[in-house]
Amino acid sequence: MASLSETYACVPSTERGRGILISGDPKSNNILYCNGRSVIIRSLDNPQKVEVYGEHAYPVSVARYSPNAEWIASADVSGTVRIWGTHNGFVLKNEFKVLSGRIDDLQWSPDMLRIVASGDGKGKSFNRVMYREHSNFVNCVRFSPDGSNFITVSSDKKGIVYEGKTGDKIGELSLEDGHQGSVYAVSWSPDSKKVLTVSADKSAKVWEISQEGHGTIIKTLTCPESGGIDDMLVGCLWQNDSLVTVSLGGSINIFSASDLEKDPVTLSGHIKNVSSLSVLKNDENTVLSCSYDGVIAKWIRGVGYSGKINMKHHAPIKCFAAVEGEIILSGFDNKVWRAPLQAGECAAAEHVDVGYQPKDLSVALHNPQIVLVATDNGAVMLSGLKILSSINLGFTVTASAITPDGSEAILGGQDGKLRIYSISGDTLSEEAVLEKHRGAINVIRYSPDVSMFASGDANREAVVWDRSTREVKLNNMLYHSARINCLAWSPDCTLVATGSLDTCVIIYELGKPASARRTIKSAHLGGVYDVEFSDECSILSSGEDGCVRLWTIVPEC
């Protein structure tokens, strides 16, 4: 068996020009936010304590706890609201088709008998009262916890306070030291005496609301910046003693409401699917993960998020590898990039144009200057940024692997065949062709001791081969229900793990039949994109849901 040890969670999905909604548990320090089809339940006290609800068929737009914290109502862009329990496996209580379009917000009644939802499309509605105090779009409306007032914030940079029962305007947030950009979100303090606002001007502000309804600035909170539009703030929440802000880039900053001078705690991660993982060889506790949009996140076991390397100007990223002191990557153009990695930061990247779009890239670990790049109909050998050779092999290449010393390569084809080549200088010489797969080869990996290699295909089958005899060493690895996207070897070469579009990770043990496998079901909503062993008893996985998970492999008696 394998048990979940840690989850390095995705961050909220964001959209430029639109505020996002995050909400809190009224009885704990958990928060809710949405990413894709997932609702993320995350503890502010222990950010690695994460639960994910993934039963929506469409991207989720909002989720809120019930007043007694026993239920969560979540809504999506199709207009569907689902009500599900917070315990015992997220049992579904009810589902409603409320609107014909996107639901932007919802809220429970205090007695939990009703839910009000707003958004696009047609549906049953109630009488509306129009307030025209703002001169631009109203982005957020929030009642105070005691119900005495409500506040609206707008793209006109203003915040206006109204009397809760009559709806009469009673005050405004002071324009002196106010926001200089659109105000996207607002949240009340639990005592209904203060509010937190966030804006496109990249600032968060804490305001004191007088009995007359006027807001005076208490403190402008400064969030760590990367220097771009991703620093715009689009969401906020006042949760107990925590002031939570969310940036357009997805970074979550947590300030202390009782000590506004204290530096914030920053949580970040991926918004998009995580396509690649790499465990640093000189530190097995440090993991780099790379997502399609060019974000490379650094994680430390037991700690979680430890920093971000922004490579968005190289996005979208398709292939990624990290070796000691360097990152190598490629996208959907003809370029392969190399960037020095020093003290967790990337220096300026340089590239070489290989003439074709890379399909896969493999690094000779004992000589990282040597890189094998698989292209549509051949391969390119690189030494640093120099092209050693570009070879048309006469078949469609879909995957590649190279030995650590750079003396041998395996190329997998669309035809399901594995072709083994010896490498001498800049020359590839075909040595053998292996036929066992019945689908296009998606992934090939040598074992750490280079005595074996494993391959996985689009027809959901994996095979382990003996390198010296080129015979099948473990077969009948046919337990996925969709294509295999990735595979990895344990450091001691006794285990092989495969990840698939079917959301599962399967772990096979050499010396035992494939039927003795260990399966991690529903490892990642939408599919598993990469797996990597951290040590003999721990495996990392990443996938479509934007999360990275660490699993502990429990020895079988």
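N253 stands opposite T266 in β23, within a pairing in which strand β22 (residues 252-256) and β23 run antiparallel and are joined by three bridges. The model is predicted. In this model, the two strands belong to an open sheet of four strands; the points below cover that sheet, the nonpolar cores, the cysteines and residue V443.

**The four-stranded sheet**

- The strand order is β20-β21-β22-β23, and the pairing is antiparallel.
- β20 (233-239) and β23 (265-267) occupy the edges of the sheet; each has a single partner strand, so one side of each is left without a neighbour in the sheet.
- From one strand to the next, the twist averages 20°.

**Nonpolar cores**

- The largest nonpolar core comprises 21 residues, of which I22, Y33, I40, V244 and I252 touch the most other members.
- At least two residues of this core are supplied by each of β3 (30-35), β20, β21 (242-247) and β22.
- Leaving out residues up to four places away in sequence, Y33 touches A9, C10, V11, P12, I22, S38, V39, I40, R42 and I252.
- A second, separate core contains 16 residues, including A454, L474, C493 and Y508.

**Cysteines**

- A search of the whole structure returns zero disulfides.
- C223 takes part in no disulfide, and the nearest cysteine sulfur, belonging to C236, lies 11 Å away.
- C223 is buried, its relative accessible area being 6%.
- C547 is likewise in no disulfide; its nearest cysteine sulfur is that of C10, at 3.9 Å.
- Because a disulfide requires sulfur atoms within 2.5 Å, the 3.9 Å separation between the sulfurs of C547 and C10 does not qualify.
- C547 counts as buried, at 1% relative accessibility.

**Residue V443**

- V443 lies in strand β41 (residues 441-446).
- With a relative accessible area of 3%, V443 is buried; the cut-off for that class is under 20%.
- Apart from its neighbours within four places in sequence, V443 is in contact with A399, A454, S455, G456, I484, N485, C486 and L487.
- One of these contacts, A454, is also among the residues of the second core.
- V443 and D353 are 90 residues apart along the chain, and their C-alpha atoms are separated by 24 Å.

Technical notes:
Residues are numbered from 1 along each chain as its sequence is written. This is a predicted model: local features need pLDDT of at least 70, side-chain atom pairs count only at pLDDT 80 or more; totals for chains, interfaces and linings use all residues. Side-chain values use heavy atoms; hydrogens and water are left out. Two strands pair if DSSP finds at least two bridges between them. Axes are lines fitted to C-alpha atoms, for helices over the stretch in contact, and angles run from 0 to 180 degrees between N-to-C directions. Buried means under 20% relative accessible area, exposed over 50%, partly exposed in between (1.4 Å probe, protein chains only). Contact means heavy atoms within 4.5 Å. A nonpolar core is a set of buried Ala, Val, Leu, Ile, Met, Phe, Trp, Tyr and Cys residues joined through side-chain atoms within 4.5 Å.
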